Amino acid sequence: MDCLTIAPATLQGRVRRFLGPSQRRVPLLMNRTCVALWMAASAWWTTGVARSEGIALEEFEDAPALAQWELLLGAQASIETRAPYVRSGRGSLKLILPINRNVWDEWNGIANYKLQVTLAPSCISLWVFPVNTIAISLFAWDADGTYADWSIPNLKMGEWNQVTCFVRDAAISPVKENSNRELDDIRGINIGEHKLTTWVGVRDPSKPVVCYIDDLRAVSFDRDVTGESRGSKQPRVDVKAIQGKRRNVESKCAALRKLIAGKKKELGEAAYGRAALAVAERFLRIESPDKVSQKKLTEARVDLDRCSLILEEAIADRKRGKDLKVPVRDMRNITVRGANFRSKDKPLMMLGPVGWSEMWEEIRGVEELGFNVIDDETAGTIGKFQATMQAPGTFGVQDSFFDKERAYPLLNGWKLLVDRGTKLALCFNPERWYVPAWLHQVHPELKPDGTWRGEGFRDYPQESPAIRNLLQKYYQGIIPLTKSSPSLLLYWLTNEPTYWSHTPRYLDLFRQHLHEKYRSVEALNEVWRTGYGDFERVNFPGKENQAAWYDWNEFHFQEVSGFFAWQRSQVKSHAPGALTSNKPIAEHLYMEAFTDAVGIDFEGQAMLYDVPGCDSSVHYSFQNPTGWLVRSGVLLYDFWKSVAPEKPLANLEFHFLEANPPMEYSVDRNETMRYVQSALWQQYLHGIRLLTFWWWRDSKNSGRYSPVTGQPTALYATAKASLDLRRLADHLSLFPPRPEVVVYYSKPSLFLNGPSHMGTLTDVYTGLFFLDNAVGFVTDKMILEGLDKKVRTVVIPEATHVSEEVYRVFVEFAQQGGRLVVVGSSSFGYDATNRQRDTSELNAMRRVRWTETGRSAQEYWRTFHNLLKEDRVRRPIQITDARGQPVWEIESRTVERGGKYVTYLINMSRTPKKVFLKANGPVCRIVDLIAEALVPYSSFVMQPFEVKFLEITQ
């Protein structure tokens with residue numbers, strides 16, 4: 001077999017030469033991330049997709065020659081062949097496609113399948129060959145603009161399974177430049193990110209036309225979500241069927257009420273039963289039979305069936321006396337001690353909804369579901385900055401002022417919470433982000449003009465004295481009104497902030513910063529290698545001068561952090577004892593944190609606030625651990641717990657059900673339960689102590705992706721997780737353990753080589769993550785203050801720019817017996833001013849291990865497994881397979897308590913994995929703390945997304 005390996009940049013010319021003279025007319029289109037290759041002929045095509053090191057084109061005997069692909073390429077591609085591709089107009093090609101995981105993360109596991117696809121005007125036929133999972137999902141946009149996902153479960157593994165979906169009223173529209181050409185029939189389909197993209201043959205086969213299914217009104221499969229045969233026609237659901245299901249759920253609700261009658265009304269002995277009842281009653285209210293559209297009736301059928309199952313389980317638990325008791329804590333006067341919230345010295349885990357005015361309307365249901373905190377955003381015009389600040393001249397007042405009367409709707413809503421006797425803590429954002437409408441008339445200089453950008457809902461230049469004066473008056477008015485509420489837990493100050501500015505005032509501040517740092521322009525010129533006559537001639541630098549670029553980013557981080565510090569000081573001046581937090585997007589630590597367009601210093605955030613907080617998300621569609629860990633915030637939590645280990649963490653807007661249609665209609669119920677619980681449990685096991693998720697009114701998809709409250713199983717799984725976390729708060733308060741292995745987060749490398757440094761950092765972190773040990777971080781500030789004596793190994797993830805002071809600490813660390821794992825030969829190569837450094841001193845040290853960059857997270861995982869054994873990093877409980885090797889995608893951590901070990905396991909993959917618990921000595925007893933049941937064996941199967949929380953006695 002011949003083989004040709006080529007780089008993407010040279011693919012176009014080489015493929016033409018490789019195909020030979022007969023195919024020179026084959027058009028190839030190319031851009032930076034993908035290559036589209038067409039081969040001319042007319043008829044059907046087949047394609048297979050699977051994980052592969054390269055791209056293999058294999059001839060088929062009986063299929064025609066038209067083949068059209070869109071290839072996602074990495075650093076290189078391999079093309080293999082045994083014969084000429086086109087033989088007298090016959091033959092077909094099979095394509096094995098390497099998966100770019102960052103792109104395919106969002107597409108729910110397509111990388112795990114081989115697909116053979118044909119598309120006719122009325123249906124799509126797929127032959128699916130599942131490699132290591134048993135369900136598949138396809139995606140498209142509905143005609144109303146809703147993103148849709150259709151799932152087919154129960155596929156036979158290792159065999160070809162035929163699945164057919166039927167396309168009704170599909171409007172096929174070619175691209176504009178070819179719209180006047182005559183089309184033949186549809187030739188193929190490619191699953192794209194936003195639409196189903198098809199290729200259409202034309203009269204001239206050398207000029208194919210790309211078309212899109214713009215109006216995909218309905219797609220159905222020959223299997224429904226339970227795996228039952230469906231056929232080509234959907235069974236209709238009538239109103240009588242829904243009424244019957246409602247009566248069934250109502251009768252089970254009555255039976256459960258009777259079983260829990262006589263119990264105390266507050267959560268405690270009947271907490272789980274009350275939560276099941278609250279879920280069912282909510283959906284009885286939502287799913288009334290007046291919803292006559294087939295889509296709504298179908299959803300109602302599934303919702304009521306799921307409610308019936310939830311009630312059956314709760315009834316069975318009550319009948320057999322299984323009643324897990326949830327302690328009820330006083331949610332007033334909460335304190336912070338030892339990285340945990342505490343109520344009368346008992347640790348608290350808080351979980352609940354974030355929402356607008358519906359928080360006041362549905363608060364009793366929130367408490368019955370087992371939640372113990374709410375985050376009150378309030379509607380945009382109620383009691384916030386935009387609504388309460390009045391323009392000069394209002395009511396004859398000469399200056400702008402805070403209008404107390406306009407804050408009363410907010411205060412009255414809070415009064416409802418307290419009057420109803422809720423046992424809930426309250427979080428509050430005292431700023432509605434947007435400026436009052438009159439501000440730009442009074443201060444036209446504050447209108448957006450391209451010199452500043454406050455993304456994340458901050459539509460004002462933070463350096464403006466006019467803005468600070470207005471905010472100061474607002475805080476002076478709103479904080480005294482709200483601080484006395486007995487339920488108030490904390491204030492969080494900004495929503496998803498980012499900032500960038502090139503205003504004249506910002507430039508003056510930058511010049512002042514440089515003057516304070518260098519004292520003389522001569523000293524600045526020496527570092528920058530410039531020839532400025534004075535500081536007034538300095539302008540905003542670009543990336544081409546790296547020393548200047550470092551100073552600019554250092555200044556910008558300080559200024560943005562300074563504004564946050566000023567906001568916090570305003571709150572503290574009126575409520576000295578108030579807890580404060582913030583809400584930047586967690587993945588900005590990794591994505592674009594190295595650009596001045598973000599400007600968030602996450603280390604500074606951890607040091608500034610009483611409760612470091614963020615906004616993050618995890619998607620069910622993620623199968624790549626890197627995507628899960630970064631976007632869910634876990635990497636940030638481990639970073640923050642390294643920087644500020646004695647502070648509790650908060651996630652003030654957690655998205656974990658962003659799939660459409662909701663999981664209720666596309667995923668096995670048990671997998672939904674496991675996924676929701678793993679997504680939530682993982683947050684708390686990495687230091688989160690307060691988490692809120694979006695709560696919307698009864699309507700589903702209320703402007704958001706599939707809210708928790710629109711899905712019975714997901715809502716019950718969330719409620720159950722809340723109760724479990726509260727019940728096991730004492731054990732959870734021990735996590736995460738202190739790390740012995742840390743990853744270096746280099747701010748100079750972040751500024752000057754951000755994509756490489758942070759990309760390698762993420763892969764290295766993921767490689768360490770599945771080795772049963774806590775993973776921490778170390779920053780320049782922490783290094784100069786002194787490395788934790790418990791740290792045995794420091795990993796340097798392509799940190800190309802390191803200050804001389806920090807470099808000397810690392811040299812000393814290695815000389816004294818610490819392990820340095822240096823990833824990338826360019827690490828330590830430059831100082832913070834971009835001057836080259838000689839690293840031969842490190843190269844010769846026995847305790848310094850150099851390894852190449854550009855490897856996958858799983859390759860680092862294998863390397864680090866051996867290194868941790870060599871360095872004797874303490875892992876009292878290890879998770880292995882039958883051969884005694886670590887298990888990829890199983891997360892585990894262990895802490896010791898009272899002579900016993902508390903260990904958790906999370907299967908972050910979509911495949912079952914058999915695991916073995918390996919301890920330093922014999923295991924006598926294992927208790928599943930979540931189920932309060934004995935685990936009979938030290939080996940068991942972890943189901944996809946399953947969480948186990950174990951107490952192990954040796």
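Student: Where is serine 733 found in this predicted model?
Tutor: Look at what sits on either side of the residue. Helix H20 covers 729-732 and strand E33 covers 741-745. Serine 733 falls in the loop between helix H20 and strand E33.

Student: Is serine 733 buried or exposed?
Tutor: Check its relative accessible area, which comes out at 16%. The cut-off for buried is under 20%, so serine 733 counts as buried.

Student: And which residues is serine 733 in contact with, leaving aside neighbours within four places in sequence?
Tutor: With those neighbours set aside, we go by heavy atoms within 4.5 Å. That gives serine 733 these partners: Asn340, Pro347, Met349 and Arg689.

Student: Switching to helices, how do H9 and H11 run relative to each other?
Tutor: Take H9 as residues 408-419 and H11 as residues 465-482; their axes come within 11 Å and cross at roughly 20°. Angles under 35 degrees count as roughly parallel, so H9 and H11 are roughly parallel.

Student: How many residues of that H9 with H11 contact are nonpolar, polar and charged?
Tutor: H9 brings Leu410, Leu411 and Trp414, while H11 brings Ile478, Leu481 and Thr482. Sorting those by type, the split is five nonpolar, one polar and no charged.

Student: Which helix gives the most to the largest nonpolar core?
Tutor: That core has 203 residues, and Trp528 and Phe656 are among the members that touch the most others. Twelve of the core's residues come from one helix, spanning 546-574. The top contributor is helix H14.

Definitions and conventions: Residues are numbered from 1 along each chain as its sequence is written. This is a predicted model: local features need pLDDT of at least 70, side-chain atom pairs count only at pLDDT 80 or more; totals for chains, interfaces and linings use all residues. Side-chain values use heavy atoms; hydrogens and water are left out. A nonpolar core is a set of buried Ala, Val, Leu, Ile, Met, Phe, Trp, Tyr and Cys residues joined through side-chain atoms within 4.5 Å. Buried means under 20% relative accessible area, exposed over 50%, partly exposed in between (1.4 Å probe, protein chains only). Helices (H or I, at least four residues) and strands (E, at least two) are DSSP runs, numbered from the N terminus. Axes are lines fitted to C-alpha atoms, for helices over the stretch in contact, and angles run from 0 to 180 degrees between N-to-C directions. Angles under 35 degrees count as roughly parallel, over 145 as roughly antiparallel, 65 to 115 as roughly perpendicular and the rest as oblique. Ala, Val, Leu, Ile, Met, Phe, Trp, Tyr, Cys and Pro count as nonpolar, Asp, Glu, Lys and Arg as charged, and the others, Gly among them, as polar.
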